[in-house]
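Visitor: Please show me the structure, and then explain how the terms used to describe it are justified.

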Amino acid sequence: MSEITDFDSLRRAMAENGEQPEGPARNARAERLLAEAEKLKIPLAVIEALGHQLKVYNYSSEKAKMFVPFARLLRMWDERPEDFDAYETHSLHWVFKWMSAGMLDQPHVPLASLEKWLGEMEHRYRLAGHSERAVRSAEFSVAAHVGDVARAERAFAAWLAADRDAMADCHACELHGQGWWQAERGRDTEALELWAPVLEGEYTCAHEPHGVLASSLLPLLRLGRPDEARAHHLRGFRLVRSMESMRGAYAAHVEFCALTGNEARGLELLAERPAYFTDEGHPRSKLEFLSVVALLMGRLGELGLGGERVPGAAGREWTADELATHARAEALALAARFDERNGTEHVSERARARMARTPLAERLPLGVRASRPASAAPRPAPAAAAPVEEAGGAGGAGEADLTALLVEARRLSDALRPHAAEAWARVARAAAANEDVELAARDRAEIADHEATGLGPRSADAFERAAGLYAEAGDPGEALAARARAAYVRALDGEVDEALAAVAEPYDRVLALYAEGGTEVPQAAGVLMARARILMRRVHETEGPVPAAVGTPAESAVRELLALVHGRAGDDVRLAARVAEGHAMLAELATRSGEPQTGAELFARAAAEFVEAGVPWFAVEYEARLAGLAHELGDMAEAERALRAALEHGGPVLEAIGRAQLHLQLAEVVGGRGEAAEAAEHALESAHWADEAGAGPTFGAWARHQLGGYLVRQGRWAEAAEVLESALTDLSAETHGDGAVVQTQWWLGDCLSELGEHGDAAERRLQAAEIARHWPEQHDHATLAHLAAESLGHAGLHAEADRAYARAGELWRDLGNVRGLIRSLRARAWLALRTEQDTDVARALMTSAVEECADAFDAAGDDAEARARLIAELGDTHRQFGDLLARSAAEDADDDAIRATLDEALSQMSEAVAVFVALGDSALSARTGAELAAGWLECDLGRPTQAAARARAVLRSCADAAEGLEGLEGFEGFEGDGRVDSETMRARRAEAEQLLQATEESKGR
């Protein structure tokens, strides 16, 4: 802590401390500053130090400490009010409200003391001439807290009816409290209407919209507005994350996670704030926090995760069940203390109700990464109801039950239903459990056949066993089909030649058998399909265009299959599916042979045939393939249609990773046509399903990267920042490419800059620049270095900013980007003026910028477009040079020095006007701005006639612009070609009129 030697140094130290993060360290320094203030023997110094102490206590977890310094302040006021200046007098009365809230939040303060305090507050406010608005607001808080609804409603009405004055809470805080009561009374819509001005940024303060965002979460969910709730969570949590004093709002975000299927994120939030479990300075917010902890732990117990380790109070390890018991007991004990003080059961009732809340959404994707508890299985995609387990369980089915299971399994497999495999598994279990039931060979063959389907590489032997059973059952065609399936398994294992040899005999025999009438189309088609699939494996193994020696046999096999089935499918779903798959194979061959248009048409046909056959889930792969081809062919409308169709066709049976991929592809297509909002929705879904599939660190990180970008495009900075920070947890150059890492850091830097977090923005931009430094093309490196310099400057790190601008300037010079170089020089000039208060460095840098413009203009030759850009840059540089010189005129300098500096500034401004005149109408806004700046300088130099002439020139320009646009769309709202911004020109006209008035007044003096 710097030495406190006088009142000014004390004030500086208190201001510096006020900028520090909330918490015990800031509070302790405020206590030391009070001791230093007492040494100064200046009553006002002690008063200000006590006020500072009060403020930091109020904005921390140690609110209970406020009462002692306030009591001392009040005593000092009663004894010597003349020691208080106007500001401290206002502050003293303002803090009355903090005291009433502070007493309410401490259960050891008797209710009678609270009521007495309300009377004292009302009396003192009346003496000071203040409205009773703040008093009635405090009374409302007391009545609502104890559950006296009638009194609360009366006080609420009186609060709103009283005049707003200097003692009323800020608009943002008042609206928060008013909306909270509406939500508490079940009027969610009214609450959100009241909160709208705060949420939209019309009213803000140190704790708002932080609190309103947290309070709005459940009302939005109850009203069926989950997208807004998600946005408020991402935006609001970012605001309260580092604010120790906002434990109640933090708890609301944990509660939101518990009630939307985001229990894992809720745990991460708890892990960030271990002190919240034990901080005692604000019992009421501790009660709110522990109630929510109990709710979240209860949710984990319901999910079967009660034994999992979870973050809790430091000093021991906790399971979810243990923490649930502990948090519930602690919360109810705290609630009982409040109720004992209040003489009601209201606080306990509210705590129990909160701990018992049920989810408001099964799962609301947030877009941010949250690691699941170790034994939490991914939630499945919504699925069609599976057939009910066999009666009596696997071990209790008799012959009748087994027959029923067989009938159901055949029905599902004949129709290619998604749950056919599970149905046959139930048959197998039932058969194994009923040894007394003798199954026919055909039944055993089908069981073996379907068991083989799920065995992967080990299924060849099982298919051969099934073939033997089919033969035993008198079905030689199906036996050959099973043998063909066994051969195809070998091809899947890379043994294509062996598979072709193995399928040759079944192929020849089934054709002969079919010709003799010994088997039917489905069995023959089964063999032909297996052979075609084996030959297609050779196609898949070929890199680049498919040679005729590979493609021709495969195409012949497919066409042979189609010729066999053509016109014979009827109502047989399996045969219809064979036809569709055959067309998909031809599509693959066409695509691999350099005929993408034909391939697209055939994939579309295959997909349509699957849908027509009633098995749309088989169309998903081919719609996705079609989307890729359409994208390649430039038909984005067809690509979008195909992707939407794939998602629709997949329905409940589409696997999570497939759903994630389709949503991200659709996001890219939709985003490509400028629909950033819808693209963000699909990227959000993609991230969610990637997490569900266990691909969060890989595919999910990429989806979050894309989601963050779409949010940036919409200007949703806080949400984007949360998502991008989450993406960076998993993004890596090795997995996702260093371009993705740089772009994510870049976007995040933009977000943080917009949010005013300039130090963090600089860090992100510098990290991105360090990666881009190694790229062959250096434009991104230069841009990021320049942006980092801007952030460093805004963060007050001026020396670092100057170095970064200098580095960016070197890069711009190497790239031949004169505009970037000029802008870096101008930025450095302004930094020099702000930090060194020495105009020599600033002048030199701005002079260099002018010279660079001139040199580049000469080098541009006949490039008219480049010359026009450089002229505009030169005009801007002269304008900024003039501004810089005008601001550099020291107030304590002698009159001649000031006049000389202003003359030099006017010269630069006149140069700017001349340059902008040369650009014509395209520089109208810039020209009139420079003309007005020159006019004010003329006025300061005592030249009212010249100043008036410049003002009139601007008015003529405004009039000419309006006349030139007459008959188009009206000057007042027209911005058609970018030359005229109506709002800017109205401002120019108003300023010119002010300048004219100033010159008239100057002449009259």
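**Terms and their grounds**

Visitor: Phe618 has a relative accessible area of 34%. Why is Phe618 called partly exposed?

Guide: Buried means under 20% relative accessible area and exposed over 50%, with partly exposed in between (1.4 Å probe, protein chains only). The 34% of Phe618 falls between these limits, so Phe618 is partly exposed. Phe610, at 5% relative accessibility, is under 20% and therefore counts as buried.

Visitor: What should I know about the model and its numbering?

Guide: The model is predicted, so local features need pLDDT of at least 70 and side-chain atom pairs count only at pLDDT 80 or more, while totals for chains, interfaces and linings use all residues. Residues are numbered from 1 along each chain as its sequence is written, and side-chain values use heavy atoms, with hydrogens and water left out.

Visitor: How many aromatic pairs does a search of the whole structure find?

Guide: The search finds 20 aromatic pairs. In one of them, Tyr250 and Tyr276, the ring centres are 5.3 Å apart and the planes are at 80 degrees. Rings of Phe, Tyr and Trp (its six-membered ring) pair if their centres lie within 6.5 Å; planes under 30 degrees apart count as stacked, over 60 as edge-to-face and the rest as tilted. The angle of 80 degrees is over 60, so the tyrosine pair is edge-to-face.

Visitor: What makes Tyr250 and Tyr276 a link between distant parts of the chain?

Guide: Tyr250 belongs to helix α14 and Tyr276 to the loop between α15 and α16, 26 residues apart. Both tyrosines are buried.

Visitor: Why is the pair of Phe610 and Phe618 called tilted?

Guide: Their planes meet at 40 degrees, neither under 30 nor over 60, and the centres are 5.7 Å apart, so this is a tilted pair.

Visitor: How do you know that Arg241 and Glu272 form a salt bridge?

Guide: A salt bridge requires a side-chain nitrogen of Lys or Arg within 4 Å of a carboxyl oxygen of Asp or Glu. The closest N and O atoms of Arg241 and Glu272 are 2.8 Å apart, so the requirement is met. Arg241 lies in the loop between α13 and α14 and Glu272 in helix α15, so the pair ties together parts 31 residues apart in sequence. Arg241 counts as partly exposed at 28%, and Glu272 does so at 37%.

Visitor: What makes Glu588 buried and Arg625 partly exposed?

Guide: Glu588 has a relative accessible area of 9%, and Arg625 has one of 30%. These two side chains also meet in a salt bridge, at 2.5 Å from N to O. The pair links helix α27, which holds Glu588, with helix α29, which holds Arg625.

Visitor: Why does Glu208 have no salt bridge to Arg235?

Guide: Arg235, the nearest side chain of opposite charge, is 9.1 Å away, which is not within 4 Å, so no salt bridge is counted. For charge, Lys and Arg count as positive and Asp and Glu as negative; His and the chain ends are not counted. Glu208 is nevertheless buried, in the loop between α10 and α11. The side chain of Glu208 reaches the backbone nitrogen of Gly211 at 3.3 Å.

How values were computed: Helices (H or I, at least four residues) and strands (E, at least two) are DSSP runs, numbered from the N terminus. A polar contact is a pair of N or O atoms within 3.5 Å; within protein, one must be able to donate a hydrogen and the other to accept it, and residues adjacent in sequence count only if both atoms are side-chain atoms.
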